[in-house]
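Subject: Structure for your review

Dear colleague,

Please find below the structure I am handing over to you, with its sequence. My notes on what was found in it follow directly after.

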Amino acid sequence: MELKVIKGDITKQTTDAIVNAANSSLLGGGGVDGAIHRAAGPELVDACRTVIARIGSCSPGEAVITPAFNLPAKYVIHTVGPVWNGGDKQEPNKLASCYWKSLDLAAAKDLETIAFPNISTGIYRFPKEKAAEVALYTVNEWMQADPDTSLREIRFVCFDDENYEIYQRLLDEK
Ligand code: AR6
């Protein structure tokens, strides 16, 4: 199992799945969500509507999977990060759940590679350093809980320099 950190655009990743930092409506938005929907094409929002018709809405910490349509990836895993509200409203637990449940969905489909954006660190204002600590800790815990997983690469795709530097430093410290 390889943990990789790159600087780049998640819509260009050729991993089996890419993860979207969505909102509870799953109908698209700004940031990485907007970029993913634009690149995937309008079928993605139709697939999300079908999911929402079944589940009502996607709460913070939950994740769902759809095909990726025009993207190079095969699947999009849509997860809803917490809005940062001071840190004592379960934000770290909800963020951890985003990573954990996304990995569970990928493993349930026997996927081998997955790419994550830095969930909640844009419009939802989760402090970047704390978010990276939660992401790396959770992914490591998940790997230990499921050592026979199909997954062989987990890629963190950082879009901004600050996140990229934080992830590189935290991984070096390990
Ligand atoms: N590839 C990879 N990462 C990206 C890209 C990209 N193309 N574009 C932005 N990022 P954000 P959130 C990074 O705001 O904080 C949407 O409106 C960005 O630098 O996209 O979870 C949703 O609909 C940042 O580090 O997501 C929700 O309403 C990270 O992606 C809300 O925003 C996350 O920033 C979710 O907010």
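Helix H1 supplies four residues of the shell around the ligand, the largest share. Please bear in mind that this is a predicted model. Helix H1 spans residues 31–40, and strand E2, spanning 17–22, likewise contributes at least two residues to the shell.

In total, 21 residues surround the ligand, and the closest are Asn23, Gly30, Val32, Asp33 and Thr121. Sorted by class, the shell consists of 10 polar, eight nonpolar and three charged residues. As to location, the ligand sits in the largest pocket.

Three polar contacts to oxygen atoms of the ligand may be of interest to you:

- Asp33 places a polar side-chain atom 2.6 Å from an oxygen atom of the ligand.
- Thr121 has a polar side-chain atom at 2.8 Å from a ligand oxygen atom.
- Ser120 takes part through its backbone, with an N or O atom lying 2.8 Å from an oxygen atom of the ligand.

How much of the ligand does the protein bury? Taken alone, the ligand exposes 700 Å², and the protein buries 91% of that area.

A separate point concerns the aromatic side chains. The count comes to five aromatic pairs. One pair is formed by Tyr99 and Phe116, whose ring centres are 4.8 Å apart. Their planes meet at 40°, so the pair is classed as tilted; planes under 30 degrees apart would count as stacked, and those over 60 as edge-to-face. This pair links distant parts of the chain, as Tyr99 lies in helix H3 (residues 91–108) and Phe116 in strand E5 (residues 113–116), 17 residues apart.

When you open the model, Asp33, Ser120 and Thr121 can be displayed together with the ligand to view the contacts listed above.

With kind regards

Technical notes:
Residues are numbered from 1 along each chain as its sequence is written. This is a predicted model: local features need pLDDT of at least 70, side-chain atom pairs count only at pLDDT 80 or more; totals for chains, interfaces and linings use all residues. Side-chain values use heavy atoms; hydrogens and water are left out. A residue is near a molecule or strand if one of its heavy atoms lies within 4 Å of it. A polar contact is a pair of N or O atoms within 3.5 Å; within protein, one must be able to donate a hydrogen and the other to accept it, and residues adjacent in sequence count only if both atoms are side-chain atoms. Accessible areas come from the Shrake-Rupley method with a 1.4 Å probe; for residues, only the protein chains shown count as cover. On a 1 Å grid over the protein atoms alone, a cavity is a set of points where a 1.4 Å probe fits but cannot get out, and a pocket is an open set with protein on both sides within 12 Å along at least five of seven lines; lining residues have an atom within 4 Å of a point. A molecule sits in a cavity or pocket if more than half of its atoms lie within 2 Å of its grid points. Ala, Val, Leu, Ile, Met, Phe, Trp, Tyr, Cys and Pro count as nonpolar, Asp, Glu, Lys and Arg as charged, and the others, Gly among them, as polar. Rings of Phe, Tyr and Trp (its six-membered ring) pair if their centres lie within 6.5 Å; planes under 30 degrees apart count as stacked, over 60 as edge-to-face and the rest as tilted.
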